[in-house]
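Biologist: I would like a close look at a single part of this model, taken slowly and with its surroundings described afterwards.

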Amino acid sequence: MAAYDCDVLVIGAGIVGLSTAYAITRAAPGTRVVVLEKESGPARHQTGRNSGVIHSGIYYPPGSLKARFALQGSAEMVKFCTEHDIPHEVTGKLIVATDRSELPRLHGLIQRGREHGLPVRELGPAQIAEYEPEVRGLAAIHVGTTGVCDFGAVARRFARLAEDAGTRIVYGTEVTTIGRRPGRVAVRSADGTVHRARALVNCAGLHCDRIARLAGDAPGMRIVPFRGEYFTLAPERAALVRGLVYPVPDPAFPFLGVHLTRGIDGAVHIGPNAVPALAREGYDWRTIRPAELAGTLAYPGSWRIARRHWRYGAGELHRSLSRHAFADAVRRLLPAAREEDLLPSPAGVRAQAVLPDGTLVDDFLFAQSPGMIHVLNAPSPAATASLPIGREVARRVLGLVGD
């Protein structure tokens, strides 16, 4: 045992990495877990930069991991927040059709919601106004189990609970080298420290494919970063939106479109769009990392996305570069919104796994190799589903440790 510093080494202290550490300590008390995080604290990227929505699971096909984990996770997240006094609220949400062409997709979502056993109610224009007086649409669905919370606070609580059970979390530690031998993994960080473990879990989010390759594995995909830009309604106009309002999503994309979210802080967040980021942590157009950008441009899947979806992408870019165009998109749902009502808000970057043929991976994706578990696609609704995802990853890695 002296050959190991720990049993399981987790790379990444976002909500999935921390949930995994927490789940390991619950499933196998006494397992020695170390979490390595390159930032100075937890939840600095996808976890801390999303709209804070506890998703119901209505969008995801029956049988998919997203459906299974979101349906479990939404109820568990509300319970967890309640038990640990984390701010949250079950508000319900509206999915609104603003064009007749969207009605068949809306009706399909109603059927899917019922298949999932969700409390869904079909609404006409007058009933929409009962929930959201300023929202306009031809028809809508009300989904009762959607809510909001502070996922950053959830991640910090996972960290505290894992640490209380013996987990060690090391911040400011960037992984530079990974080596492995039968039954052993060694990780070197930028400061020269070496950590030795019996198994490794890769929860590196925006860098998960790079970490997989660093470990000698071929992930079969690449993270192509998409920035999601947000605005906040001016405080004096926040009363225009009571809760959560979404458009009918385009089934060709894993993005939900620009939506209206009254967060747990009472502010109304509007967004996100989806535009290519020029760096994996490219939260604005000024942030460019040439090596990362070159990697994205050299990847065949990136060009195949562009050729296949250039019209959609051009619209997203237009809305990114023009607040007037963004406001026009918002007014499809909220006619009273004015351009001057939209105040810039911090952006997020989605770690979207893309296959070489240009397919956007639309489900959670895990991979396993000797001594390692890689979480290769865990965008939304991963925060909602973080408790069951953590248990699933813990089950897999504990199987490796027990072999």
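Which element gives the largest share of the lining of the second largest pocket, and how many residues come from it?

Modeller: Bearing in mind that this is a predicted model, the largest share of that lining comes from H9, which supplies five residues. The pocket itself, the second largest, has a volume of about 510 Å³, and of the 25 residues that line it, the closest to its centre are Phe 226, Pro 276, Ser 302, Ile 305 and Ala 306. Besides helix H9 (310-321), the elements that give two or more residues to the lining are strand E13 (222-233), strand E17 (275-276), helix H7 (290-298) and helix H8 (300-308). By class, the lining is made up of 21 nonpolar and four polar residues, with no charged residues.

One feature of the backbone can be added here, since E17 has already been mentioned. Gly 271 and Pro 272 are joined by a cis peptide bond with an omega of about -5°, and Pro 272 is found in the loop between strand E16 (268-271) and E17. A cis peptide bond also joins Ser 380 and Pro 381, where omega is about 10°, and Pro 381 lies in the loop between E20 and H11.

Those two elements lead to the largest nonpolar core, which has 45 residues, and in which Ile 15, Phe 151, Val 154, Phe 158, Val 201 and Ile 389 touch the most other members. Strand E20 (372-377) and helix H11 (386-402) are among the elements that give two or more residues to this core, as are helix H1 (15-27), helix H2 (65-83) and helix H5 (151-164). If neighbours within four places in sequence are left aside, Val 154 is in contact with Ile 15, Met 77, Phe 80, Cys 81, Ile 86 and Cys 149.

As for the sheet that includes E8, it is an open one of three strands in the order E3-E8-E4, with antiparallel pairing, and its edge strands are strand E3 (53-54) and strand E4 (88-90). Three bridges join E4 to strand E8 (residues 147-149), and the bridge partner of Val 90 in E8 is Gly 147.

Finally, two loop residues other than glycine have positive phi values: that of Ala 43 is near 60°, while that of Asp 85 is near 55°. Ala 43, in the loop between E2 and E3, is buried, with a relative accessible area of 11%, whereas Asp 85, in the loop between H2 and E4, is exposed, with a relative accessible area of 69%.

Methods:
Residues are numbered from 1 along each chain as its sequence is written. This is a predicted model: local features need pLDDT of at least 70, side-chain atom pairs count only at pLDDT 80 or more; totals for chains, interfaces and linings use all residues. Side-chain values use heavy atoms; hydrogens and water are left out. A nonpolar core is a set of buried Ala, Val, Leu, Ile, Met, Phe, Trp, Tyr and Cys residues joined through side-chain atoms within 4.5 Å. Buried means under 20% relative accessible area, exposed over 50%, partly exposed in between (1.4 Å probe, protein chains only). Helices (H or I, at least four residues) and strands (E, at least two) are DSSP runs, numbered from the N terminus. Contact means heavy atoms within 4.5 Å. On a 1 Å grid over the protein atoms alone, a cavity is a set of points where a 1.4 Å probe fits but cannot get out, and a pocket is an open set with protein on both sides within 12 Å along at least five of seven lines; lining residues have an atom within 4 Å of a point. Grid points are joined across faces, edges and corners, and a volume is the space filled by probe spheres set on the points. Ala, Val, Leu, Ile, Met, Phe, Trp, Tyr, Cys and Pro count as nonpolar, Asp, Glu, Lys and Arg as charged, and the others, Gly among them, as polar. Two strands pair if DSSP finds at least two bridges between them.
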